Amino acid sequence: MTANGNDSGEGTAPQDGEVSTKVLRRAVGASMIGNATEWYDYGVYAYLVPQLTFNFFPGKYGVLATLLVYAVSFILRPLGGIVWGPIGDRFGRSTVMSITIVLMAVGTFLVGVVPSHATIGIWAPILLIFLRVVQGFSTGGEYGGAATFMAEYAPDKKRGFWGSFLEFGTLAGFSGGIIVTLILNASLSDSAMMSWGWRIPFLIGLPLGLVGLYLRLRMEDTPVFRELQDNQEVELKATGALRDLFRNYPGPLLRLFGLVIALNIADYMLLTYMPTYMQGSLGLSGTSADIVVLIGQLVMMALIWIAGATSDHVGRKPMWWFSMIGLFIIAIPCFWLMGQGLGWAILGFTVLGLVFLPQLGTISATFPAMFPAHVRYAGMAISYNVSTAIFGGTTAFVNDALVSATGSRIVPAYYLMAAMVIGMIALIKVPETAGKSIRGREVPGTTGEGRSGIHNLST
């Protein structure tokens, strides 16, 4: 029996340390639902901006205030990564993941019960800001932990396939937010939606989180982390993992930072900015813009596993090269196409999404494998979240400002192209890790780098 009451013998294969398909599926579910919960929250907040503005920030600059509060969670993500990452490397991935999903779910739920500005005055926006701080702090540890957990449970030769389901959760969470919002908008009057209907999507966040907590509590920690414990190779202090990370692995940190710039500018452009862009720059109605994004995301969800599985055969780097070069080439044609009407918008958005899939579908197979096991959670959480806060959270604002300043509805394509160039530069020195072990204190996919990430930075 393990410490949390699970039978570790269920499906464990002693010959290679891999686990049974049943256990692996549970690990996939435990990882995926946290990601879905995170993105569900971001989705419903983004799609309920008018209602949130009415209830929390009445006044001339209410929309701006609502969007700034949305950005607060991104600002707090790096701090969450700095705190949760080293703790996850010291005490275990599952421990931190159980805490973060509770914080995320409760934070989302409480947004739905906070009284409006008309009821409690200034305390309404203060409470909303506090809950977004909690949300950002918890998500700072959630994604890095979920990706690490998934990667360390998956067999080496199928890490891409199994890891792709983590991003299936991303798309499912965001699509779920769109669907719930569309149903409520169609079912309720505008006044009902403004007064109480907007609360329903946030309340749904709690049962989502509780299901995730149940799944995570049933899982013991990853085989890779347990091996570190058995060999007494876990950092003795959480601060030790943080110090070791910055001292010995600046190369992987910087390369991951660059890859996340490319990934998140594309990701947040497609998933969060595109409805605003289609309404403001292309003249589509809100419902039409939501339908375009929803159709594209459903197609991506159906095919994302193919990207992950393909990376197991051809490698992670060829998939990333294909995606980044492809997006660089098709960005301008696709943005032009989206301006030609609803049907063409669906086609242009879906093509962009499909070319983006080789990045999105291989994140949890690629990123965790850039660090050795004893600093993996911290490396993932810190580098990923700092880059996300700077570039992911500002994507909508930057693109909207560029469109306003230039008057060109094609200019977001140039921003996307610039991000791909940065990603390609970062990718050059990333080692290929498809099929390779990610156990132990060595950097996967390298020969003799060991603890010297500094050497690999300069080569």
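Leaving aside its neighbours within four places in sequence, which residues is aspartate 41 in contact with?

1. This is a predicted model, and the question above concerns a residue of helix α1, which covers residues 21-47. Once the neighbours within four places in sequence are set aside, aspartate 41 is in contact with Thr108, Arg132, Gln135 and Phe202.

2. Is aspartate 41 buried or exposed? Aspartate 41 has a relative accessible area of 0%, and because buried means under 20%, this residue of the model counts as buried.

3. On the surface, Val102, Val106, Leu110, Val113 and Leu203 make a nonpolar patch of about 310 Å². Helix α4, which runs over residues 93-111, gives the most to this nonpolar patch, contributing three residues.

4. Another member of the patch, Leu203, is found in helix α9, which spans residues 199-217. The relative accessible area of leucine 203 is 31%, so this residue is described as partly exposed, and that value fits its place in the patch because patches are made of residues with over 30% relative accessible area and no salt bridge.

5. A further point for the reader is the pairing of helix α2 (residues 49-56) with helix α8 (residues 190-197), whose axes come within 9 Å and cross at roughly 65°. The crossing of these two helices, α2 and α8, is right-handed. On the α2 side the residues involved are Pro50, Gln51, Phe54 and Asn55, and these meet Met193, Met194 and Ser195 in α8.

Notes:
Residues numbered from 1 in each chain as written. Predicted model: local features only at pLDDT ≥ 70, side-chain atom pairs only at ≥ 80, totals over all residues. Heavy atoms only, no water. Patch = residues over 30% accessible without salt bridge, like charges linked within 9 Å, V, L, I, M, F, W, Y side chains within 5 Å. Areas by Shrake-Rupley, 256 points an atom, 1.4 Å probe, with all protein chains shown as cover. Salt bridge = Lys/Arg side-chain N within 4 Å of Asp/Glu carboxyl O. Helix = DSSP H or I, 4+ residues; strand = E, 2+ residues; numbered from the N terminus. Buried < 20%, exposed > 50% of the residue type's maximum accessible area, 1.4 Å probe, protein only. Contact = heavy atoms within 4.5 Å. Axes fitted to C-alpha atoms, helices over the stretch in contact; angles between N-to-C directions. Left-handed = near helix turned anticlockwise from the far one by under 90°.
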